[in-house]
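Colleague: I am new to this structure. Could you take me through it in a few questions?

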Amino acid sequence: MTRTNDTADVVVVGSGIVGLGAAYAAARRGLSVIVVDRTDGPGGATIRNFGHLCIGAQAGEARRYADASRELWLRLSRDAGFWLRESGTLVAARHDDEIAVLEAAVPDGGIRMLDADELLRRAPLRRDGIVGGALIETDLQTDPRTAADAIVRHLHGLGVRFRFRTAVTQLSAGRVETTRGTIVTGHTVVAVNHDLDQLLPEIAERHGIQRCALDMMRAAVTLRHPLTAPLLTGWSLVRYGRFSEGSEAAALRERLHTERPDLAALDLNQMYTQLPDGTLIIGDSHATAPSPAPFQPEAAFTAFLAEAEALFDMPAPRVLERWQGVYAKGAEEFLIERGDEGALVLAATTGIGMTTGLGLAEENLTAAFGWTPAMEGTS
């Protein structure tokens, strides 16, 4: 194995969306950057998701990072040349308590209520049971499988160096030891998501980081017209910060769990996105443990398909792929810490990394390293 010594102003450990966001933030300030990852490219949560940038459903700190991420996603899609659309997000309401949750969120702006007819024009759903819905106006959609690779290529064009298939073995002040040699650096950013317990176990334990495994699938479908935006349901409303608090959400959660304990046991987020090739991403379930079992229960996929067929006006989907996503989960939405070795450690710890990761990196690198904001118009 070739061993080399190298130098960079910034070393980023991890090539997921937070790590790519950190590299992008540094490169736009003219700094030299090396990204180190033990895999041969982004392959974790950054590509195993819906491609749904769920900005308007966040609250508090998550909304601030999501808003910052939105501008960075738009800019990257233009400069790196990958598919992204300003789609908004549709919410299908099948019960009055779901309408109540949506209406309670409307005064904060960015959400427009839809009657059943308009929702059905935007989403090819069965009319039976639909009482209305909403459009979350700020949201975006991309294809995570193509977006991540395009961002890597764009960053390479900006001068970022990637050291794939290279593991980090030790961090110290100004040095990153890897299986291919030492990198001398001014700043180190650790963005390894759920693998934090392997590199910096004390920080992972202090923040109670575990792994959340989720089951997902992609299917070929025949719809009467395309789905114009990612689609959420009542099961989504009890998960996302902007909707999940308050008496309306409590009443909705109680009804859902009482009526469908089988779906509650899966910790379901019933949502859908349609990719440019027409296939539908369907999911998802959640199971949290330090090391979740790799065995995917067929009951979850059976439930996904049954719920999709009940909601959409379509024949039975033809399943093309099934997969297990994994992300870091902790008590808080984000992990932000300076390690004893001086590294800045960042993670989104509630499964909203694609939505918030670029902004999380941009804001926290600027604050931690005393950088001025990147010049507008800089690539």
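Modeller: The answers below go through the cores, a sheet and a helix of a predicted model.

Colleague: Which helix gives the largest share of the largest nonpolar core?
Modeller: This core has 59 residues, and among those that touch the most other members are Leu90, Tyr272 and Phe312. Its largest share is 7 residues, and they come from helix H11 (residues 298-311).

Colleague: Leaving aside neighbours within four places in sequence, what is Leu125 in contact with?
Modeller: Leu125 belongs to the largest core and is one of the residues that touch the most other members. Contact means heavy atoms within 4.5 Å. With neighbours within four places in sequence left aside, the contacts of Leu125 are Ala92, Leu119, Leu120, Ile130, Arg224, Leu231, Leu311, Phe312 and Asp313.

Colleague: How many residues does the second, separate core have?
Modeller: Ile17, Ala22, Trp73 and Leu358 are included in that second core. Its number of residues is 46.

Colleague: In E8, what is the bridge partner of Leu84?
Modeller: The open sheet has the order E3-E8-E4, with antiparallel pairing. Strand E4 (84-85) is an edge strand, and 2 bridges join E4 to strand E8 (residues 140-142). In E8, Leu84 has as its bridge partner Thr142.

Colleague: What angle does the direction of helix H2 make with that of E8?
Modeller: Helix H2 (residues 60-80) packs on the sheet and touches E3, E4 and E8. Its direction and that of E8 make an angle of about 40°.

Colleague: Which residues of helix H3 are buried?
Modeller: Helix H3 spans residues 96-105. The cover over its buried residues includes strand E5 (89-93) and helix H9 (247-259). Those buried residues are Asp97, Glu98, Ile99, Val101, Leu102 and Ala105.

Key: Residues are numbered from 1 along each chain as its sequence is written. This is a predicted model: local features need pLDDT of at least 70, side-chain atom pairs count only at pLDDT 80 or more; totals for chains, interfaces and linings use all residues. Side-chain values use heavy atoms; hydrogens and water are left out. Buried means under 20% relative accessible area, exposed over 50%, partly exposed in between (1.4 Å probe, protein chains only). Helices (H or I, at least four residues) and strands (E, at least two) are DSSP runs, numbered from the N terminus. A nonpolar core is a set of buried Ala, Val, Leu, Ile, Met, Phe, Trp, Tyr and Cys residues joined through side-chain atoms within 4.5 Å. Two strands pair if DSSP finds at least two bridges between them. Axes are lines fitted to C-alpha atoms, for helices over the stretch in contact, and angles run from 0 to 180 degrees between N-to-C directions.
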